[in-house]
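Got a new structure open and not sure where to start? Let's go through it feature by feature, as a chat between a learner and a teacher.

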Amino acid sequence: MFGRIRGWQRRHWRDRSKAERVELQSVITWYATTWFFSLAWLAMPLVGGLDRRPVPMVVGSLLLLVGALQCAEANRLTRPVLDHYLGRAELPPRALNGAAALLGVGLALDLGLAALDGTDPVTIRLSIGAALLPFGLLYGLMIPIRVFLRRSAVLAVLLMAVFGVADPDPLRILMIGVVTAFGTAFSLLASRCGAWTLSVLWEAERAREVEARLAVAEERLRFGRDLHDVMGRNLAVIALKSELAVQLARRGRPEAVEQMIEVQRIAQESQREVRDVVRGYREADLGVELAGAQGVLTAAGIECQVRGEADGLPAEVQSALGWVVREATTNVLRHGDAARCSVGLRVTEGLVVLTVENDGASEAGGGGAGGGSGLAGLRERLAGVEGTLEAGFAGAGVFRVVAEVPLRETAVVGEVTA
């Protein structure tokens, strides 16, 4: 039993984002609320206080059945109505016709029970509230608040008038108005406030996704600029020398061969430089990458702590570890649902150790650092400086990337501290 619950939690809870978890929790709360009020305000008082005569028994039984159908219909429509409020789907007003019809039947049965004097007045008022709430939770999300309040006031007046005919006691008539007002206020608080919170949360989630895509786009632009810097000048030189070689060849000049040899040399040099760009062998400022990672993650709403400084490290080590920081940061944004991320850099016993650790990782998402070509590419870059890379889960929902690069100098630079 508990194993199945844990399995469901892993499949259906941990794989969800924060917004999806809050939405699921809110929907389940709305489901339970309708049944709770139907049980507390209708079923329990009615079963205990119903007159045992045949006709009141039949009317009371029908009222319990209609109450259960109201709750079932409200649960069925909760998701579509919420999607309509959040702008994810359109729901026509006639979609609530079934729930409105059940509300009318429930109020009619309440009126019949009151006319038959089949139960005490308190139970009648409670059953009216139990009939209003399932429909109010839905209707409050379908129309503007002012319209909802205005129509609720009209309904309260009608109920007070109709039930006043069956029971003309002024205090009891006033209590019907109070119950209707409570149902109106509770419906707005339970539905509108919760749905508004979800809309704000989803907006923040979309902003975070945009931030992650911008970070990826920025990385692509940076790569494009590096590639342009490498290839732009060389291609221009190749074009000019090729044109010169053509002109010399047409004149029968032997210098054309020398120009083509130079073109070949430049082309080979360009190939080498392109490989350097792709593999990340060009020099990079690790300190800039650490500061950039902290800025991007903080802007995405992830608490980021960076410990350590890159001053004094060899250029090739900074370049390799800079790519690890870039890749890990990008994948923390793209995968998982991180709330905190820590980046640590230290030098000890001639070994530079970079650690990137984040929470909110899921096995389905591949963890915070991603898998496949991402990790393979980082290992290739680190292999150029005799470094190693380890990545994996370090606890429940915690993903850790550890890159180690040995210092080739005989003298250790010294431990890098915060």
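**Reading a helix, a sheet and two loops**

Q: Let's begin with one residue. Where is the place of threonine 123?
A: Threonine 123 sits in helix 5, which covers residues 121-142. Keep in mind that you're looking at a predicted model.

Q: Is threonine 123 buried or exposed?
A: The idea is to check relative accessible area, where under 20% means buried. Threonine 123 has a relative accessibility of 4%, so it goes down as buried.

Q: Which residues does threonine 123 touch?
A: Leaving aside residues up to four places away in sequence, threonine 123 touches Pro45 and Leu46. There's a polar contact too: its side chain meets the side chain of aspartate 120 at 2.8 Å.

Q: Now the sheet. In what order do the five strands come?
A: For a sheet, read off the order of the strands and then how they pair. Here the open sheet runs 1-2-3-5-4, with mixed pairing. Strand 1 (303-307) and strand 4 (388-395) are at the edges; each has a single partner strand, so one side of each has no neighbour in the sheet. On average, neighbouring strands of this sheet are turned by 15° against each other, direction ignored.

Q: What packs on the sheet?
A: Helix 10, residues 315-334, does. It touches strand 2, strand 3 (351-358) and strand 5 (398-406), and its direction makes about 5° with that of strand 3.

Q: In which sense do strand 1 and strand 2 pair?
A: Parallel, over five bridges, with strand 2 spanning residues 340-348. To see a bridge for yourself, find glutamine 305: its partner in strand 2 is serine 342.

Q: On to the backbone. What is the phi of glutamate 349?
A: When you read phi, look at its sign and at whether the residue is a glycine. Glutamate 349 isn't a glycine, yet its phi is positive, about 55°. You'll find glutamate 349 in the loop between strand 2 and strand 3. With a relative accessible area of 78%, glutamate 349 is exposed.

Q: And where is the place of glutamate 386?
A: Look in the loop between helix 11 (373-383) and strand 4. Glutamate 386 is another residue other than glycine with a positive phi, this one near 60°.

Q: Is glutamate 386 buried or exposed?
A: The cut-off for exposed is over 50%. Glutamate 386 has a relative accessible area of 55%, so it counts as exposed.

Key. Residues are numbered from 1 along each chain as its sequence is written. This is a predicted model: local features need pLDDT of at least 70, side-chain atom pairs count only at pLDDT 80 or more; totals for chains, interfaces and linings use all residues. Side-chain values use heavy atoms; hydrogens and water are left out. Two strands pair if DSSP finds at least two bridges between them. Helices (H or I, at least four residues) and strands (E, at least two) are DSSP runs, numbered from the N terminus. Axes are lines fitted to C-alpha atoms, for helices over the stretch in contact, and angles run from 0 to 180 degrees between N-to-C directions. Contact means heavy atoms within 4.5 Å. Buried means under 20% relative accessible area, exposed over 50%, partly exposed in between (1.4 Å probe, protein chains only). A polar contact is a pair of N or O atoms within 3.5 Å; within protein, one must be able to donate a hydrogen and the other to accept it, and residues adjacent in sequence count only if both atoms are side-chain atoms.
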